[in-house]
Amino acid sequence: MHLPYKLRFASSQLITITVLLTLLLFIPQVWLNLQAYYDFNSITKNEFELQILSDKITYYDEVLTMSARMNAATGNTIWEQRYRQFEPKLDIAIKESIKLAPKAYKNEDAKKIDAANQRLVAMEYQSFDLVNKNQEETAQQLLFNRQYETQKQIYADGVMKRKYNISLELQQKVDQYYQKILWAISESIISLGMLIPAWLLVLHLLQQYLKAKKIAQAALEETNCRLEMQVTERTAKLKHKNIQLQNTLQELQYTQVQLIQTEKMSSLGQLVAGVAHEINNPVNFIYGNLMYIREYSQQLLTLIKLYQQQCYSENPEITLLINEIDLEFIVDDMPKILSSMAIGTERIREIVLTLRNFSRLDEAEMKFVDIHEGINSTLLILQYRFKENHKQQEIAIIKDYGNLPLVECYAGGLNQVFMNILSNAIDALHQREVERLKGNIERQLNSIIIHTQFKNEEYVIISIKDNGLGITEEDQTRLFDPFFTTKPIGKGTGLGLSISYEIIVEKHQGKIKCISAPGKGTEFVIEIPIKQTR
């Protein structure tokens, strides 16, 4: 609903004219009031200051007269000093009065007052000279004679007359102020008489306008309410769909990266199993033949020894050759070489067995395994990262193994958990080395402590603790969230601990928690059931 065009046009014109008329009438009125207020304040202030100055001048005159007469009467120079002290004050008070009421000090009466004052000052100065010459009686006659009293009376009458003239001048200014006030009141009454009808008409038109606007506003609010309800409903639907899409996208990303991680671990397992298999065959061949070589070499050495006993002194060429090849050293060193080869091949067989234990590709189902074997095989894989180099010192691995029973689990999954936690511990210690090289922290031994214990008949505990920089409390709350990582960009995917949590909690019905504080290292504690409940 809208106001008629003619009504809106007439209203705007009338309001404009009324406002302009109000400004034209009241701006001069305000100026007059301000000017009158300023004049009144000035008059009041001047009157107050002149009254004070007049009292001061009268007081100082009496002090000077009394000081001069007391000096003549007593002959004490302290009264002359008092006179000299108050004389400048009297001059200052007179000068300030001249500034406030210059007209009162420029007429004929002012000249007479000034002349009388000069004569009085001259006689007072003359009395000081007489006193200084020990002529106190002459000084007293000078200050108490008829001439001094006459000049004193002329000066006092002139001061009173001047004070009266100043009061009269101030009264004239007050009368002018009252006249301006009357003019201002008259103009205000006339202005109000002109403006009241105009503003009443304006108020009437504004009432009509506001009434029409209220009706239009109500209709507009109703329309807006309907539109807001529709927008709210559609926004809620879109928000719900966006949340569903975000959750789906996050699940897809997590699943995709988890598949990639699983594929990487599977590829690593296949690679390790393949390498172990390829190494195992020739190592077994060498290890199996070493026994026969040891036996054959022993037989040959026995034959050479017997031959030496029978034919050693009859053939000089054989004697020369025996000396050249140092037969005694060969006889003594060959068993040692064969023993070292046997030890080396045994060590290779143990490494191959450990690699196969880590891969466990043939163990997709749960089975009872030795937890310590999985930890040791993981440490073997990461052994190259523990060694000292130009960027970091050696990381000490401290094993505190308890007497654990065989645990029913997915061996490959647990190995993956050990790999993730140990890798994070190594990264934390590397970061600590970086801070140490910057001079931010002191040097100390880098270590990882692996502790296992038999908790009760149902659970075993595995603890992996490092002495790195630690983790803040805020980061600990998000530590097992997918894609969350405290490492620099490109150094981590944020899935290692998330996958570890899934393996321990969801696949094994166990528990995993982090205990850490900044500057105090990090400890991951894992609880695994000894036997899974199906």
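In this predicted model, Y83 is a good place to start: with a relative accessible area of 0%, Y83 is buried. Y83 also takes part in ring pairing, and its partners are worth going through in turn.

One of those partners is F128. The rings of Y83 and F128 sit 4.9 Å apart, centre to centre, with 75° between their planes, and the pair is edge-to-face. Y83 belongs to helix α2 and F128 to helix α3, so this pair ties together parts of the chain that are 45 residues apart in sequence. F128 comes out at 0% relative accessibility, so F128 counts as buried; the cut-off for that label is under 20%.

A search of the whole structure turns up 6 aromatic pairs. Among them is the pair of Y83 with Y125, again described as edge-to-face, with 6.1 Å from centre to centre and an angle of 70° between the planes. Here, too, two helices are involved: Y83 lies in helix α2, which covers residues 78-100, and Y125 in helix α3, which covers residues 108-132, so parts that are 42 residues apart in sequence are tied together by the pair. Y125 has a relative accessibility of 30% and therefore counts as partly exposed, since that label covers values between the 20% and 50% limits. Taken together, the ring pairs join Y83, Y125 and F128 into a cluster.

Charged side chains come into the picture as well. R84 lies over the face of the Y125 ring, at 4.5 Å from the ring centre, so Y125, a member of the cluster with Y83 and F128, has an arginine over its face as well as a ring partner. Elsewhere, K455 places its charged end over the ring of Y459, at 5.9 Å from the centre of that ring.

As for the chain overall, the protein has 12 helices and 7 strands. Of its 534 residues, 31% are buried. Contacts were also sorted by sequence separation: among those with a separation of 6 or more, 74% are between residues 24 or more positions apart. Finally, the protein chain exposes about 35,100 Å², and carbon and sulfur atoms supply 59% of that area.

Key:
Residues numbered from 1 in each chain as written. Predicted model: local features only at pLDDT ≥ 70, side-chain atom pairs only at ≥ 80, totals over all residues. Heavy atoms only, no water. Phe/Tyr/Trp six-rings, centres within 6.5 Å; stacked < 30°, edge-to-face > 60°. Helix = DSSP H or I, 4+ residues; strand = E, 2+ residues; numbered from the N terminus. Buried < 20%, exposed > 50% of the residue type's maximum accessible area, 1.4 Å probe, protein only. Lys NZ or Arg CZ within 6 Å of the ring centre and 35° of its normal. Contact = heavy atoms within 4.5 Å. Areas by Shrake-Rupley, 256 points an atom, 1.4 Å probe, with all protein chains shown as cover.
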